[in-house]
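Student: Could you take me on a close look at the cavities in this structure, and above all at what lines them?

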Amino acid sequence: MPPEKMEIFKSLETWAEDNILVYLKPVEKSWQPQDFLPDPKSDGFYDQIKDLRERCKEIPEDYLVVLVGDMITEEALPTYITILNTLDGVKDETGDSTSPWAVWTKAWTAEESRHGDLLNKYLYLSGRVDMKQVEKTIQYLIGSGMTPQIENNPYLGFIYTSFQERATFISHGSTARLAKDHGDIKLAQICGTIAADEKRHETAYTKIVEKLFEIDPDATLLGFADMMKKKISMPAHLMFDGKDDNLFEHYSAVAQRLGVYTAKDYADILELLVARWNVEKLTDLSAEGRKARDYVCSLARRIKRLEERAQVRAKVAQTLPFSWVFNQEMQL
């Protein structure tokens, strides 16, 4: 970034400390995976595992596919903190920097890390998924990294995370609802708790972008339009299990069919961000900025129209095996 843009983020450090770090929770007041899992020091440990496995018996395999995909996405935190630490102006220069931006990134990662830990252990204890295939997928994904196309630019990075945190809030909220429908109240509580974290993180990231719109509307709007033209790819888009070269696409198709995360959700998130950041009301923009404003404000409607046409043209559903559920055939 140009020096003057770098200076913007430097000048916002006090603001970030006062307005963004408040969305972190102290470790001693945070939930931990063990709060939701069988207690290994309890005399009833094995009975608790048996109860967990009984609750999971009636959960359909397609739901498990989505839950595994969500969990694997959460397990790739080493990649996400690495990406955030490439962003000019907000990166952690030393690895233990006390800059508010660096403090946020490290603590956000630590909070998010619990999500994958909890879902991983729950699925392991359930006995319903092929854990070796799941573990291979995690290793492949972390080894592959990700390509969010944010170009070391915090304008793009914070727009991406605003969108992505909203998407994961929706996804975990949907798996919570479905878990309740399938009779596993504990799993519903787990997914709902994770969704609440994602919502809190979404609030922080959208507040950062809101501030950027306030002090540098043209550059922020151009960044918003740029990200939407590229399309927001979810963090785990390079997932691979050693067998399926299009695993993310197939997992996403199951999530779409179950209503966990859909193309409509994508468009709804865009509409929500446009409204939250008052994009339609932005004035004093350059000609390029006005063009970007018009583009992002009309894009959600276009996406919804295209999705409606795609649904009309949809062919007979395809089925494919998923290694995560012992190669059971799933409808996409």
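Tutor: Happy to; here is a walk through the cavities, the annotated residues beside them and one helix pair.

This is a predicted model, in which local features need pLDDT of at least 70 and side-chain atom pairs count only at pLDDT 80 or more, while totals for chains, interfaces and linings use all residues. Residues are numbered from 1 along each chain as its sequence is written, and side-chain values use heavy atoms, with hydrogens and water left out.

The structure holds 3 cavities of 30 Å³ or more. Here a cavity is a set of points, on a 1 Å grid over the protein atoms alone, where a 1.4 Å probe fits but cannot get out, and lining residues have an atom within 4 Å of a point. Grid points are joined across faces, edges and corners, and a volume is the space filled by probe spheres set on the points.

The largest cavity has a volume of about 160 Å³. Of its 17 lining residues, Tyr 80, Trp 108, Tyr 160, Gln 164 and Pro 235 lie nearest its centre. Two or more lining residues come from each of α4 (61–75), α5 (77–84), α6 (100–126) and α8, with α8 giving the largest share, 6 residues. Helices are DSSP runs (H or I, at least four residues), numbered from the N terminus. By class, this lining has 9 nonpolar, 5 polar and 3 charged residues; Ala, Val, Leu, Ile, Met, Phe, Trp, Tyr, Cys and Pro count as nonpolar, Asp, Glu, Lys and Arg as charged, and the others, Gly among them, as polar.

The UniProt annotation "binding site", from an unreviewed entry, covers Glu 74, Glu 112, His 115 and Glu 198. These residues are spread over 125 residues of sequence but cluster in space, with a largest C-alpha distance of 11.0 Å. From this set, Glu 74 and Glu 112 belong to the lining of the largest cavity, and Glu 74 sits in helix α4. Such annotations may be inferred rather than shown by experiment.

The second largest cavity holds about 50 Å³ of space. Leu 84, Leu 87, Val 90, Trp 101, Trp 104, Thr 105 and Phe 158 line this cavity, and α6 gives the most, 3 residues. The lining divides into 6 nonpolar, 1 polar and no charged residues.

Finally, back to α8: the axes of α8 (residues 154–181) and α9 (residues 185–215) come within 7 Å and cross at roughly 160 degrees. Axes are lines fitted to C-alpha atoms over the stretch in contact, and angles run from 0 to 180 degrees between N-to-C directions. The crossing makes α8 roughly antiparallel to α9 (over 145 degrees).

Conventions: Angles under 35 degrees count as roughly parallel, over 145 as roughly antiparallel, 65 to 115 as roughly perpendicular and the rest as oblique. On a 1 Å grid over the protein atoms alone, a cavity is a set of points where a 1.4 Å probe fits but cannot get out, and a pocket is an open set with protein on both sides within 12 Å along at least five of seven lines; lining residues have an atom within 4 Å of a point.
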